[in-house]
Amino acid sequence: MELNDFALARAIHVLAVLLWIGGVAFVTTTLLPACRALAEPDQRIALFETLEHRFAWQARITTVAAGASGFWMAHRLDLWWRFAAGAEWWWMHTMVGLWGVFTLMLFVLEPFVLRRWFAEQAQRDPERVFARIERMHRVLLALSLATVAGAVAGSHGGWGF
Ligand code: HEM
């Protein structure tokens with residue numbers, strides 16, 4: 001019995017996506033509403049950051065693993081032509097686009113810009129900042145789920161080819 005490198009890359013890709021997007025779903029549907037219910041507006045962001053801290057590392061590691069395994073699969077099968085081909089390959093674009101957005105958020109914006117900005121804004125209007133954090137998570141979760149559904153269907157021939 002032998003596991004080829006493409007199958008291994010696919011397994012790593014799916015595991016990474018599972019941990020990463022599953023975590024985003026947990027944060028969005030469970031952790032944020034719990035912080036809203038448990039803390040007063042001026043304490044919510046601090047509580048959320050304390051609890052979410054560990055997931056930020058899980059998200060960083062799994063984002064790198066998903067990107068590396070995805071890149072390897074595209075390279076191995078030479079799938080780059082899909083980015084210039086028809087609309088049935090939309091999910092290839094959303095995978096890379098979403099990966100780019102998360103990479104920017106997790107490695108650049110969150111540690112260097114957003115954390116300070118949220119802290120400043122939260123002193124003025126904590127209710128509004130928390131609502132914005134919730135909205136941002138909902139949008140990213142919706143895009144992530146659409147991408148996962150599109151990619152699974154697309155990888156297995158579901159978009160008309
Ligand atoms: C740089 C970023 C990424 C690249 C280069 C990439 C590349 C790929 C490639 C080449 C495949 C295999 C396609 C095929 O077999 O025809 C794939 C599958 C898949 N990707 Fe990505 N991907 C990336 C990011 C993502 C993200 C962010 C998600 C989720 C939100 C995702 C979810 C999936 C899923 C669910 C599959 C289908 C697995 C299966 O059912 O076999 N990928 N990806």
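Me: What makes α1, α2, α3 and α4 contributors to the shell around the ligand?
Reply: In this predicted model, α1 (5-38), α2 (41-76), α3 (90-124) and α4 (126-155) each supply at least two residues of that shell. The helices are DSSP runs (H or I, at least four residues; strands are E, at least two), numbered from the N terminus. Residues are numbered from 1 along each chain as its sequence is written. Local features need pLDDT of at least 70, side-chain atom pairs count only at pLDDT 80 or more, and totals for chains, interfaces and linings use all residues.

Me: Which residues around the ligand come nearest?
Reply: Gly70, Met73, Met95, Trp99 and Ala151, of 22 residues around the ligand. A residue is near a molecule if its C-beta atom, placed from the backbone, lies within 6 Å of it.

Me: How do the residues of the shell divide into nonpolar, polar and charged?
Reply: The shell holds 15 nonpolar, six polar and one charged. Ala, Val, Leu, Ile, Met, Phe, Trp, Tyr, Cys and Pro count as nonpolar, Asp, Glu, Lys and Arg as charged, and the others, Gly among them, as polar.

Me: Why is the set with Val27 and Phe48 called a nonpolar core?
Reply: A nonpolar core is a set of buried Ala, Val, Leu, Ile, Met, Phe, Trp, Tyr and Cys residues joined through C-beta atoms within 7 Å. Buried requires 20 or more other C-beta atoms within 10 Å of the residue's own (exposed: 12 or fewer; partly exposed in between), with C-beta atoms placed from the backbone. The largest such core has nine residues, including Val27, Leu32, Phe48 and Ile133. α1, α2 and α4 each supply at least two residues of this core.
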